[in-house]
Amino acid sequence: MAPLPSSARALSEQLALRAYALCRTYLSRGCRSGRYWTVGDVQNNPGRSLFVRLIGPVSGPRAAGRWCDAATGESGDLLDLLRAVRGEARLADVMAEARRFLILPPPEPPRSAAPSGDTIAAARRLFAAGRPVPGTRGERYLHARGLVLPLDDAALRYHPGVFCRELGPGRTLPALLAAVTDDSGRVTAVQRTWLDPTAATKAALRTPRRTMGRQIGHGVRFGAPVGIVLAGEGVETVLSLRRAFPALPMIAALSAAHLGALDLPPGTRRLLIARDGDPAGRRAAARLRARAEARGIRVIDLVPVGNDFNADLDRFGVEGLRRRVLRQTLGAGPGQPASCILERQRDVAGRVAP
């Protein structure tokens with residue numbers, strides 16, 4: 001067999017981390033038997049002919065995800081299994097299905113179509129042209145969302161007139177700018193949230209938020225990582241939690257797909273995942289959890305009562321939100337990652353009173 005392309009090999013290894021979930025999804029008429037999932041065949045018929053290894057390394061002959069059908073002699077990794085289950089002829093279609101299962105963003109386009117240095121440079125120029133948020137329409141918009149907190153953070157700026165393609169040539173609107181950065185702090189992209197010029201709301205556009213530049217793996221960062229970090233989807237979700245825990249380092253990935261693909265800062269030992277309360281949020285949190293735990297990072301999910309933590313902030317207030325988050329961390333038991341908020345936050349990231 002010819003060696004897999006590197007992107008396919010990487011997908012196969014990522015699928016191996018979720019072998020059990022994949023079997024439950026695509027071979028639901030089977031069952032777990034020790035280290036294996038057993039089922040009749042790739043058509044998901046009952047039986048015990050097909051074995052999928054659930055436990056093992058991510059690659060090699062005894063890797064998790066290696067499978068064999070004793071009746072037909074078919075075998076392979078989980079990409080091969082997806083191909084057989086789905087009846088796909090093309091590797092590209094199988095890889096697309098694997099990405100859907102893993103909640104990964106679409107693959108980066110070919111080099112000629114990838115975000116160019118000019119696009120990244122344009123994002124940097126736009127962010128540099130912004131002004132501090134305090135005293136602007138951006139501050140009024142955030143305050144209307146309950147985000148009353150210091151807004152002189154280097155990650156956020158305001159611009160009174162950002163080009164909006166949806167409105168047509170030369171048309172601009174005020175916008176809140178969020179800098180997407182890599183681990184070294186370099187701006188790689190900027191998210192624009194266009195604002196209504198007369199009211200403290202987003203502009204009435206089909207897509208009031210867009211990101212330009214290179215985003216995959218990066219995020220909007222609040223505070224310096226110190227071994228513990230909170231990762232969430234949107235800027236407003238993360239800022240809501242920052243009201244309750246202002247000293248805790250946080251990263252906004254800007255979407256569920258990008259949350260699942262977020263590159264965690266070097267030295268991260270504990271991770272809190274503030275997911276949204278929808279299926280995409282659950283899948284993204286599971287994807288990030290699997291990647292983090294494969295690195296030995298302790299993880300706990302923070303789950304909102306409503307659709308997201310900004311809705312919870314509006315419903316329960318700052319103290320109510322803090323209590324609910326702390327209650328979830330206590331439920332994880334002693335020594336779990338989120339216990340840092342109570343046990344180690346004073347030493348690691350400053351005082352956060354419960």
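How many bridges join strand 2 to strand 3? The answer is found at the second stop of this tour, which moves through a predicted model.

**The whole chain**

Begin with the complete protein chain in cartoon view. The chain contains 12 helices and 14 strands. Of its 354 residues, 48% are buried. Among contacts with a separation of 6 or more, 56% are between residues 24 or more positions apart. The chain exposes about 16500 Å², and carbon and sulfur atoms supply 50% of that area.

**The sheet of strands 1 to 5**

Select strand 2 (36-39) and strand 3 (50-53). These two strands run antiparallel and are joined by 4 bridges. Display the side chains of W37 and V52: W37 stands opposite V52, which belongs to strand 3. Next, add strand 4 (residues 67-69), which pairs with strand 3 in the antiparallel sense over 3 bridges. Here V52 appears again, since its bridge partner in strand 4 is W67.

Widen the selection to the whole sheet. It is an open sheet of 5 strands in the order 1-2-3-4-5, with antiparallel pairing. Strand 1 (31-33) and strand 5 (75-76) stand at the edges; each has a single partner strand, so one side of each is left without a neighbour in the sheet. Strands in a sheet pair through backbone hydrogen bonds, in either a parallel or an antiparallel manner.

**The helices that lie across this sheet**

Now select helix 2 (residues 19-26). Helix 2 lies across strand 1, strand 2 and strand 3, and runs at about 15 degrees to strand 2. Colour A19, L22, C23 and Y26, which are the buried residues to inspect in this helix. Why do they lie on the same side of helix 2? They cover an arc of only 100 degrees around the axis, which puts them on the same side. The general rule is that an α-helix has 3.6 residues a turn, so residues three or four places apart point the same way.

Proceed to helix 3 (residues 78-86), which lies across strand 3, strand 4 and strand 5. Helix 3 runs at about 145 degrees to strand 3.

**Two positive phi angles**

Return to the loop between strand 2 and strand 3 and select N44. The phi of N44 is near 70 degrees, a positive value in a residue other than glycine. Most residues other than glycine have a negative phi. Is N44 buried or exposed? N44 counts as buried because its relative accessibility is 14%, where the cut-off is under 20%.

Then select L254, in the loop between strand 12 (250-252) and helix 8 (256-260). L254 is not a glycine, yet its phi is positive at about 85 degrees. With a relative accessible area of 15%, L254 is buried.

**The sheet of strands 6 to 9**

Select the open sheet of 4 strands, in which the order is 6-7-8-9 and the pairing antiparallel. Its edge strands are strand 6 (156-163) and strand 9 (209-213), each of which pairs on one side only. From one strand to the next, the twist averages 30 degrees. Within this sheet, strand 7 (residues 172-181) and strand 8 (residues 187-194) pair in the antiparallel sense over 7 bridges. To locate one of these positions, display L176 together with its bridge partner in strand 8, T193.

Add helix 6 (residues 137-144), which packs on the sheet and touches strand 6, strand 7, strand 8 and strand 9. The direction of helix 6 makes about 75 degrees with that of strand 7.

**H159 and its surroundings**

Centre the view on H159, found in strand 6. H159 counts as buried because its relative accessibility is 16%. Which residues does H159 touch, not counting those up to four places away in sequence? They are L126, A129, G130, L173, P174, A175 and L177. Add G161 as well: its backbone nitrogen lies 3.0 Å from a polar atom of the side chain of H159.

**A final stop at helix 10**

Finish with G317 in helix 10 (residues 309-331). At 25% relative accessibility, G317 counts as partly exposed. Select G146 with it: the two residues are 171 residues apart in sequence and 8.5 Å apart in space, C-alpha to C-alpha.

Terms used:
Residues numbered from 1 in each chain as written. Predicted model: local features only at pLDDT ≥ 70, side-chain atom pairs only at ≥ 80, totals over all residues. Heavy atoms only, no water. Buried < 20%, exposed > 50% of the residue type's maximum accessible area, 1.4 Å probe, protein only. Arc of directions from axis to C-beta. Pairing = 2+ DSSP bridges. Axes fitted to C-alpha atoms, helices over the stretch in contact; angles between N-to-C directions. Contact = heavy atoms within 4.5 Å. Areas by Shrake-Rupley, 256 points an atom, 1.4 Å probe, with all protein chains shown as cover. Polar contact = N/O pair within 3.5 Å; in protein donor to acceptor, adjacent residues only side chain to side chain.
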